[in-house]
There are 2 protein chains.
Amino acid sequence: MLKSSLHGFFEAKSIAIFGASAATDKPGYVIAENFIKNFEGKTYLINPKGGEILGQPVYKSVLDFDDPVEEAVIIVPAKYVPSSMEDCAKKGIKSVVIITGGFKEISEEGKNLQKRIDEIAKENNIRIIGPNCIGLFYPKRGIDMVFLPESKLTRPKDGGISILTQSGAFGSTFLDIMGTLGNGNYLSKFVSYGNASDINEADILEYFGDDPETKIILAYLEGFNEGKRFIEAARKVSLKKPIIAIKANRNEAGAQAVASHTASLAANDALTDALFREAGIIRVYTWDELFDCMVAFNSSLLPEGNRVLIITDGGGAGVMASDSVGELGLELAKISPAIHNKMKEDLPAFFSVENPIDLTGSATAKEYIYSLEQTKDDPNIDSITYIIIPTPPAINVKDLMEGLKPYAKTINKTITFCALGGAEAVYIREELEQMNFPFYPTPARAIYGIDKLTEYADYLRDHGQKLPIIREIPK
Amino acid sequence: MLKSSLHGFFEAKSIAIFGASAATDKPGYVIAENFIKNFEGKTYLINPKGGEILGQPVYKSVLDFDDPVEEAVIIVPAKYVPSSMEDCAKKGIKSVVIITGGFKEISEEGKNLQKRIDEIAKENNIRIIGPNCIGLFYPKRGIDMVFLPESKLTRPKDGGISILTQSGAFGSTFLDIMGTLGNGNYLSKFVSYGNASDINEADILEYFGDDPETKIILAYLEGFNEGKRFIEAARKVSLKKPIIAIKANRNEAGAQAVASHTASLAANDALTDALFREAGIIRVYTWDELFDCMVAFNSSLLPEGNRVLIITDGGGAGVMASDSVGELGLELAKISPAIHNKMKEDLPAFFSVENPIDLTGSATAKEYIYSLEQTKDDPNIDSITYIIIPTPPAINVKDLMEGLKPYAKTINKTITFCALGGAEAVYIREELEQMNFPFYPTPARAIYGIDKLTEYADYLRDHGQKLPIIREIPK
């Protein structure tokens with residue numbers, strides 16, 4: 001039942017928008033426009049004022065037409081939500097997303113209002129997402145309840161990552177960041193569940209776990225509605241796909257912030273740590289870490305072990321990356337003797353063919369590519385981090401990027417990239433992101449990405465699982 | 001004597017470039033061009049081939065002309081460096097920068113070669129920076145020994161930050177990053193000291209400490225030539241200006257990388273931590289942290305205490321920032337009752353005027369500016385972090401930036417900024433950097449910046465010092 005409920009939200013063939021508005025600066029307009037332009041099913045606009053929006057009729061009530069409707073989005077003011085719900089019940093709508101805020105998160109009166117809509121839902125077997133949320137975004141079918149126009153928030157395109165978020169602001173901002181990253185092909189499904197009157201974090205996690213389109217799950221939580229069920233679901237799901245989660249509201253200061261934000265309780269943070277680890281959830285603490293993990297899992301393979309090779313042309317950057325390798329409990333790989341000897345012969349004598357491989361300030365694009373070609377199949381190496389400092393005069397960064405392109409399709413080893421510097425580093429970033437290679441702005445973060453991939457691969461091996469291939473191969 | 005030695009390097013009125021080259025892809029050309037175009041003193045080009053570069057004569061020897069020369073840059077191959085040094089001695093040059101590599105860092109033979117140049121220097125009272133380094137960069141006087149052309153490495157312009165670095169690649173890359181940041185006005189003096197044959201980290205730190213143009217010192221170290229003297233110098237200097245230092249080569253993996261990079265020994269890292277803390281050095285571990293500290297110290301005031309106010313329009317971002325406040329041992333400020341009550345009256349009822357101040361998805365630019373205006377002089381608040389999520393439909397980010405501009409000149413409190421999202425967040429970043437406000441890409445990093453400012457302010461107060469004003473006020 002649970003699974004089929006969320007299925008209804010994402011697979012509905014018709015939708016009614018309660019609170020569709022002709023005023024272009026209103027959420028009710030933006031959502032109407034999103035669906036009219038992109039939804040592959042049928043869209044019905046509802047507003048007691050009637051009229052017309054973008055050439056489509058606005059019905060005064062959902063009961064004013066005969067076509068069946070499977071799903072509803074409600075954006076009307078809080079006090080009108082119960083009557084909209086009653087109309088949904090009469091129309092036989094079973095999936096309702098309530099964007100409207102002003103319920104248990106603000107007052108006793110709001111709490112009662114939320115109780116009333118829960119009763120209507122229960123009496124009529126209606127499932128609710130929200131209230132007080134951003135709702136759903138599913139680019140593949142054109143389901144887009146994000147009430148901010150494209151000019152304010154760039155949408156990511158169809159991809160393999162699904163997001164569940166308690167905070168609407170967090171979720172919508174993260175969508176904006178994904179939308180402007182690389183080719184933008186990142187998102188499968190997005191659910192902002194807000195007050196979780198009915199559908200909560202555990203329901204969504206289970207659904208994403210079973211969803212074949214979802215390859216990676218990102219979660220932003222401040223508290224739990226069904227913590228035990230969430231952890232139990234995670235234990236199963238994490239054997240099939242990575243779950244990367246922020247559990248914010250970690251200490252007294254965080255809890256003070258939450259009290260005025262959404263209605264949830266501060267949990268014991270150390271306990272959260274332990275439960276997450278045991279259930280295979282990759283816990284991250286900051287925005288950077290969430291982003292860095294997303295990039296790693298979306299764009300790299302899982303490693304067979306913890307032995308990392310660093311290839312760079314900057315001594316200092318190599319040392320800092322090596323420090324990170326040591327600090328995170330990874331190991332510096334020892335290049336296989338035959339490969340090592342061949343490279344010593346082929347490369348200039350003043351290059352260092354140890355680990356890091358230091359191509360020095362005399363590095364060229366050709367030598368960078370050569371070093372990857374030699375080491376990419378070395379069984380003594382599990383992961384490679386490429387730290388490019390583009391400033392040396394002999395490196396032609398365009399040649400280097402052209403040379404890397406074939407590897408984007410064939411690479412068979414975990415790899416992360418970093419480029420340091422000004423304009424040329426920005427160029428390298430853009431090129432590598434287009435190749436769906438995981439790019440990081442600093443050495444420490446490139447190693448962090450490898451560390452998290454290694455941690456998850458270890459978890460899967462410890463639990464007798466094969467390593468799934470998540471990375472999408474560019475065409 | 002020490003101080004006057006480095007003084008000679010930065011204040012020389014004439015310079016000879018040994019190894020000036022007419023081949024435009026050679027370091028000897030780039031450095032010649034840098035000096036011919038920018039140096040406010042006299043430049044003499046030296047190369048046994050003679051000829052002409054950019055219309056200026058190339059002397060076959062520094063002894064072929066009568067004008068006196070105060071400083072030399074040597075870029076000739078390693079084996080010719082001793083004879084160039086001998087010519088410097090005959091000419092009476094007392095300050096020599098040896099860019100050339102191939103000395104003790106690569107072989108026994110190189111070690112002997114370095115010994116030979118040390119002897120010549122000692123016999124003739126010549127001070128050396130290098131060998132195996134990038135040398136000096138001092139934009140104010142047009143001293144620029146960076147052998148990479150502007151097209152490869154953007155130079156920062158004159159400012160208050162001075163850098164000492166053991167790794168040339170680290171240093172030049174960091175210059176490139178500073179050069180592309182905001183208005184680029186960041187750098188006072190840069191010294192890459194390489195093998196530290198003579199002048200080392202302790203000499204440079206002392207010089208920067210006494211230099212009135214240097215407001216902030218950044219250091220990148222992998223080992224120490226004179227660790228004790230460095231720490232003793234730091235103890236004095238840190239009472240006047242912040243020293244932000246990376247000491248890389250922190251563990252066995254890091255040490256393995258260093259062995260093949262420069263000649264230095266891995267020190268005990270925990271000891272380094274303790275010594276740095278005790279000497280008032282702000283230790284950072286990663287590229288991001290160094291950058292984040294630089295931005296904080298260069299663009300914010302030091303706080304009077306540890307009470308932080310968060311102003312945001314995104315609940316989740318506020319919670320994450322509050323988590324960071326708690327984690328770093330800072331405190332969430334309590335807004336003074338009178339100010340709190342006024343804001344409660346003036347702002348919409350559903351805004352949260354606690355800490356974080358949550359302007360919600362209904363926030364406008366006006367309310368953002370209003371919140372800053374109300375709280376900027378509150379004695380109960382030591383620092384403010386502004387976390388802007390630009391997506392809400394009613395925020396006009398241009399109005400917000402215009403509204404903040406006057407505060408860039410008048411702000412009297414520690415403040416850091418963050419904007420999250422896609423294109424509009426990038427716009428906000430650029431605008432705030434132009435105002436010399438400290439900008440961070442994530443909430444955790446904006447709080448980290450405040451934490452480091454607070455830590456240093458505490459250190460100064462504990463040592464009976466007044467808080468210096470480092471931030472440059474935009475005109």
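**Exercise 1. The interface**

How many residues of chain A are in contact with chain B, and how many of chain B with chain A? Work on the predicted model shown above.

*Solution.*
- Step 1. Count the contacts: 63 residues of chain A are in contact with 63 residues of chain B.
- Step 2. Find the elements behind them. On the side of chain A that touches chain B, two or more residues each come from α5 (168-179), α8 (252-259), α10 (287-299), α11 (315-327), α15 (423-434) and α16 (443-462) of chain A.
- Step 3. Pick the main contributor. α11(A) gives the largest share, eleven residues.
- Step 4. Sort this side by residue type. It holds 25 nonpolar, 26 polar and twelve charged residues.

**Exercise 2. The symmetry**

What turn and what shift along the axis lay chain A on chain B?

*Solution.*
- Step 1. Superpose the copies. A turn of 180 degrees with a shift of 0.0 Å along the axis lays chain A on chain B, and the RMSD is 0.0 Å.
- Step 2. Draw the conclusion. The two copies are therefore related as by a two-fold rotation axis.
- Step 3. Locate the axis from chain A. A:Asp288 has the C-alpha nearest the axis in that chain, 5.3 Å from it.
- Step 4. Check the surfaces. Both copies use the same surface, as 100% of the contact residues of chain A recur in chain B.

**Exercise 3. The fold of chain A**

Why is chain A as compact as a globular protein of its length?

*Solution.*
- Step 1. List the elements. Chain A has 16 helices and 21 strands.
- Step 2. Compare two radii. The radius of gyration is 25 Å, and the globule rule gives 23 Å for 475 residues. The values are close, so chain A is as compact as a globular protein of that length.
- Step 3. Add the box. Along the principal axes, the C-alpha atoms of chain A fill roughly 80 × 50 × 35 Å.
- Step 4. Look inside. Of the 475 residues, 57% count as buried.
- Step 5. Look at the contacts. Among those in chain A with a separation of 6 or more, 76% join residues 24 or more positions apart.

**Exercise 4. Buried or exposed?**

Is helix α6 of chain B mostly covered or mostly uncovered? How does A:Arg229 count?

*Solution.*
- Step 1. Take α6(B), residues 201-210. Nine of its ten residues are buried, and the helix is mostly covered.
- Step 2. Name some. The buried residues include B:Ile204, B:Leu205, B:Tyr207 and B:Phe208.
- Step 3. Turn to A:Arg229. This residue sits in helix α7 (residues 227-237) of chain A.
- Step 4. Count neighbours. A:Arg229 has 17 C-beta neighbours inside 10 Å, so it counts as partly exposed. Buried would need 20 or more.

Conventions:
Residues numbered from 1 in each chain as written. Chains lettered and ligands numbered in written order. Predicted model: local features only at pLDDT ≥ 70, side-chain atom pairs only at ≥ 80, totals over all residues. Helix = DSSP H or I, 4+ residues; strand = E, 2+ residues; numbered from the N terminus. Rg over C-alpha atoms; globule rule 2.2 N^0.38 Å. Buried ≥ 20, exposed ≤ 12 C-beta atoms within 10 Å, placed from the backbone. Contact = placed C-beta atoms within 7 Å. Least-squares fit on C-alpha atoms with pLDDT ≥ 70 in both. Nonpolar A, V, L, I, M, F, W, Y, C, P; charged D, E, K, R; others polar.
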